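Here is a short briefing on salt bridges, strand pairing and cysteines. Keep the model open while reading.

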Amino acid sequence: MYVHALGWNSYFQEQWDSLDRSHLRPARVAEEQRGAYHVALEDGEWTAEVTGRFRHGAPDRSSFPSVGDWVAVETVAGERKAFIQALLPRRTRLSRKIAGERSEEQILVANVDTVFIVTSLNADLNPRRLERYLTMVFESGAQPVILLNKADLCSDANAAAVSISALAMTADVHVVSALTGTGLGALNAYVARGATAVLVGSSGVGKSTIMNAMLQSGAQKTAPIRDGDDRGRHATTFRRLYLMPAGGVLIDTPGLRELQLWDADHVDEAFEDITTLAGGCRFRDCRHDGEPGCAVQEAIAIGALDEGRLESLKKLQRELDHLDRRRDVAAQAEQRRRWKQIAKGLRQRPRGKP
């Protein structure tokens, strides 16, 4: 079945069986732009929008469909148009805090098995940024894979791969060149029939060029990096799902200028080496900041651990602590707003009526 090539499996079938689905069809969100959707069904792609009931019942932005989501739709006879009636529970969700001051979650993509974290082997190669991406992916429930692209521009790509592998933890690392095709063949295993992968990274690292090479087409527009500073240019402006020749799914995404984490439950997975070292500290609550008997600082002193990696972890922890405090304040404000609405309703109710 076509839906199985798109990633439908027993998990989603179980969710589907719990619905009153006599008049509904399963579909996967292939594209979303400002609340307008394209969804993939058995007979191809349809335009779609959420129903008023769905919109009214969604408590927040993250409750709306995102690219990769499975939804239940009602199709319009004689038109290739559908209405999204329900969102199936997500198996994985790649999300971040939205850009700016608001404490709100943005779902980037949903229900992916593998996240290709793409960086280029030029001035863009930034270990601290990769640590941030790895933390986000571990939080999503998907498997991270690091792609070191533009190997044709690097004099010693293998040395760079060894360096990055030291911080990759359980993530695979591949040296590739979208321009020459080097290393791309190994990526097909991640997008076999029924599997879903997504490309994420900064602008100009070559995500869309990798996509085109794997699709063997020019489906996605590409743009060269800027002269002088190796900074990327935006080529992709929206998230889009593509069916691969072998039957799997690959999603392309715009470059991320800002990457603020949303949750902190899996930070230790991205910094497992530090977590392991911390088990040897004299004090269980050691902050690795000058305490006696600190195994982490001892590892830094002998060159076994990069001090920048510890500082990166501390920075992420400070950001997440700050986010937690802001989310608590926002939740309290929302509760006060609701109580004010209830109180206003009671005041407006005619006397003597229950």
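Two strands count as paired if DSSP finds at least two bridges between them. By that rule β8 and β9 pair, since 7 bridges join the two strands. The model is a predicted one. The points below cover the strands, then the salt bridges, then the cysteines.

**Strands around β9**

- β9 spans residues 143–149. Of its 7 residues, 6 are buried, so the strand is mostly covered under the 20% cut-off for relative accessible area.
- β8 and β9 run parallel. Within this pairing, Val115 stands opposite Pro144 of β9.
- β9 also pairs with β10, which covers residues 172–175. These two strands are parallel as well, with 4 bridges.
- Leu148 has Val175 in β10 as its bridge partner.
- Helix α5, residues 157–165, joins this picture. Together β9, α5 and β10 form a β-α-β unit, and the unit is right-handed.
- In a regular strand, side chains alternate between the two faces of the sheet.

**A salt bridge between two loops**

- The structure has 12 salt bridges.
- One of them joins Asp113 and Arg91, with 2.5 Å between the closest N and O atoms.
- The two residues are 22 apart in the chain. Asp113 lies in the loop between β7 (105–110) and β8 (114–120). Arg91 lies in the loop between β5 (81–87) and β6 (93–97).
- Asp113 has a relative accessible area of 26%, so it counts as partly exposed. Arg91 is also partly exposed, at 34%.

**Salt bridges between α4 and α10**

- Glu131 and Arg309 form a salt bridge, 2.9 Å from N to O. Glu131 sits in helix α4 (residues 127–140) and Arg309 in helix α10 (residues 307–348). The pair is 178 residues apart.
- Are these two residues buried or exposed? Both Glu131 and Arg309 are buried.
- Arg132 and Glu319 form another salt bridge, with their closest N and O atoms 2.9 Å apart. Here Arg132 belongs to α4 and Glu319 to α10, 187 residues apart.
- This pair is split in its exposure. Glu319 is partly exposed, with 28% relative accessible area. Arg132 is buried, at 14% relative accessibility.
- Shared partners also build a network of salt bridges. Its members are Arg128, Glu131, Asp273, Asp306 and Arg309.

**Cysteines without disulfides**

- How many disulfides does a search of the whole structure find? The search finds 0.
- Why is Cys281 not bonded to Cys286? Cys286 holds the closest cysteine sulfur to that of Cys281, but the two are 3.9 Å apart, too far for a bond. A disulfide needs the sulfur atoms within 2.5 Å, so this pair does not count.
- Cys286 is in no disulfide either. Its nearest cysteine sulfur is that of Cys294, 3.7 Å away.
- Cys281 counts as buried, at 11% relative accessibility. Cys286 is buried too, with a relative accessible area of 11%.

How values were computed:
Residues are numbered from 1 along each chain as its sequence is written. This is a predicted model: local features need pLDDT of at least 70, side-chain atom pairs count only at pLDDT 80 or more; totals for chains, interfaces and linings use all residues. Side-chain values use heavy atoms; hydrogens and water are left out. A salt bridge is a side-chain nitrogen of Lys or Arg within 4 Å of a carboxyl oxygen of Asp or Glu. Buried means under 20% relative accessible area, exposed over 50%, partly exposed in between (1.4 Å probe, protein chains only). A crossover is right-handed if, with the strands pointing away from the viewer, the path from the first strand over the helix to the second runs clockwise.
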